[in-house]
Amino acid sequence: MAERFPESFRTKAKLVVYREFIETRDKVGNMETTMTTAVPKLTALHPRIPSNSFSLGFSLTFPAKKSARVKQTCSPSSHISLRVSSSSQSQAAPEATKVSSIPSEMKACVYGEYGGVEVLKFDDKVSVPEVKEDQVLIKVVAAGLNPVDGKRRQGKFKATDSPLPTVPGYDVAGVVVKVGDQVKGLKEGDAVYGNINEKALEGPKQFGSLAEYTAVEEKLLALKPKNLDFIQAAGLPLAIETAYEGLERTGFSAGKSILVLNGAGGVGSLVIQLAKHVFGASRIAATSSTGKLELLKSLGADLAIDYTKENFEDLPEKFDVVYDAIGQCDKAVKVVKEGGSVVALTGAVTPPGFRFVVTSNGDTLKTLNPYLESGKIKPVVDPKGPFTFSQVAEAFSYLETNRATGKVVIHPIP
C-alpha cells in the first residue's frame, strides 16, 4: 500500500546512505567527496529518486562519532532528510541489549482506510515497533480475532481510535524477545499471552497482533498456561477477561443462576465455564443452534436451548443474571429475576440491562491460569481454523457472520 507509518517506518536505503556518509567523511573529511560517493548508491537503490534532488535534500548535523544515532523522518517529497542526533538527546525508549536477531522490518496485515475486509492489505516493510521501558516485544506465534477488530476496522469508534494506517489485532500469544528497562516479571524466552490493549475503544495500539512482532505492556500479559498451545492461548485473552469482568460486575456468586445467550460463541463459551467452576453457579442455561447443543452441555450448561426451535424469553423460569453476548437485551430482560442483572455486550440496551467495555489486565489471566492448567476451563477454538496469515480477510468475514464456534484464530504468523 502507498501509505506508510510516518515517523516509525524505517527505510533500509537511508541507513545504507548514512553509513556511506560516515565512512567517506571519516576517510576524506570532505563533504563534496562524501556527496559524490554516497548519493549514487541511493539512486541505485531508489531509481525513482532523481540524483539532482539531493543538493537541497540532505540536512546533516554530525555530533561526536561514538554517540551518534539516526532518527529518520519520512516525507512525501522525493527529498530524503536524514537528521542525526546524539544519543543523550534521543527520545527513544531504552532498549534491551540483545537485539541482533530482531529485524528492523516485519510482515503485517495493515489497513489505511476504514471499511470492509477488502481494506486489509499485506505489507512486508512494516517497521518493528519500538519497545517502551514498561513493555516487552513479542514474536507473535498466533493471534485471536474479536468482534471489536471488525468494528474498529469499520470506523465505528474512529473518534477515539489511533491514527491510520493500523495493524489490527487485540489477542496475542507468542514469545518475549526483548524487554524494556522497567520490566521485572518477564524475560526473554517467556511464552506469554494477553490482550495488548488495556482499553478496547480508547486509543488502541497502532501496531496490533496481526504482525510478526508486537510491543505490549508487561501488566497486560501473563505466562501462557503450560498445557495450552499457542493457538488455544491466542483465543482466550479478550474473551475470558470480558466474561470474567461481566460476571464480577453483576455481583455473581455461588448459588445464583444464569442464562447465557450465544453460549457457543467466544465469550459465551467461557461465561458458562467461569460461572460453573470459578463463581459456583447453581444453574446454567445457554442458547445455541441445534448442532451446538451438546457443546453447551459439555461446557457445563444444565439447560441447552435451541434458539431455532424455541424462544428463551418464553421460559417459565427466571434467572439471577442474563449474559447477553449476541444482542437481544430487549428479550433478555423478560427472563431476569426482579433485582437481577442483564449484561449486554452488543446491540441496544434495555433497562435493567447494562453495557461495559472491558479493561484488560494481566492479573485476571494470572488468576484464571490455574483453572486453565487444571483443565476445568477449556478454550474453544473454531473447528474451521486456525486460519493462516494469508486467510486473514476470510477469517474476519467468517467471524462477522456470528456463526463461529468459540474463537477464530490466525496461525502461523510468518
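Me: Which residues line the largest cavity in this model?

Reply: This is a predicted model, and its largest cavity is lined by Gln232, Gly235, Leu236, Gly266, Ser269, Leu270, Pro379, Val380, Val381 and Lys407. By class, that lining splits into 5 nonpolar, 4 polar and 1 charged residues.

Me: Which element gives the largest share of that lining?

Reply: That would be helix 6, residues 266–277, with 3 residues.

Me: What volume does the largest cavity have, and how many cavities of 30 Å³ or more are there?

Reply: The volume is about 50 Å³. The structure holds 1 cavity of 30 Å³ or more.

Me: OK, on to helix packing. What do I look at when two helices pack?

Reply: In general, two packed helices are described by the angle between their axes and the distance between the axes. Here, try helix 5 (residues 237–249) and helix 9 (residues 362–373): their axes come within 10 Å and cross at roughly 85°. Angles of 65 to 115 degrees count as roughly perpendicular, so helix 5 is roughly perpendicular to helix 9.

Me: Which residues make the contact?

Reply: From helix 5 you have Pro237, Ile240, Glu241 and Tyr244, and from helix 9 Thr364, Leu365, Thr367 and Leu368. Sorted by class, the residues of this contact of helix 5 with helix 9 are 5 nonpolar, 2 polar and 1 charged.

Me: Now strands. How do side chains sit in a regular strand?

Reply: As a rule, they alternate between the two faces of the sheet. For the pairing in this structure, start from strand 14 (residues 336–344), which pairs with strand 13 (residues 319–324) in the parallel sense over 5 bridges. Strand 14 is also joined to strand 15 (residues 353–354) by 2 bridges, and those two run parallel.

Me: Which residue of strand 14 is the bridge partner of Val322?

Reply: Val342 is the partner of Val322. Val342 also stands opposite Gly353 in strand 15, a handy spot to click on.

Me: What about the backbone? Where are there cis peptide bonds?

Reply: One runs from Leu164 to Pro165, with omega near -5°. Pro165 sits in the loop between helix 3 (147–153) and strand 6 (171–179). Another cis bond joins His411 and Pro412, with omega about 0°; Pro412 lies in the segment after strand 16 (408–410).

Me: And phi: is the value for Asn262 positive or negative?

Reply: Positive, near 70°, and Asn262 is a residue other than glycine. You'll find Asn262 in the loop between strand 10 (257–261) and helix 6. Helix 6 is the one that gave 3 residues to the cavity lining.

Notes:
Residues are numbered from 1 along each chain as its sequence is written. This is a predicted model: local features need pLDDT of at least 70, side-chain atom pairs count only at pLDDT 80 or more; totals for chains, interfaces and linings use all residues. Side-chain values use heavy atoms; hydrogens and water are left out. On a 1 Å grid over the protein atoms alone, a cavity is a set of points where a 1.4 Å probe fits but cannot get out, and a pocket is an open set with protein on both sides within 12 Å along at least five of seven lines; lining residues have an atom within 4 Å of a point. Grid points are joined across faces, edges and corners, and a volume is the space filled by probe spheres set on the points. Helices (H or I, at least four residues) and strands (E, at least two) are DSSP runs, numbered from the N terminus. Ala, Val, Leu, Ile, Met, Phe, Trp, Tyr, Cys and Pro count as nonpolar, Asp, Glu, Lys and Arg as charged, and the others, Gly among them, as polar. Two strands pair if DSSP finds at least two bridges between them. Axes are lines fitted to C-alpha atoms, for helices over the stretch in contact, and angles run from 0 to 180 degrees between N-to-C directions. Angles under 35 degrees count as roughly parallel, over 145 as roughly antiparallel, 65 to 115 as roughly perpendicular and the rest as oblique. Contact means heavy atoms within 4.5 Å.
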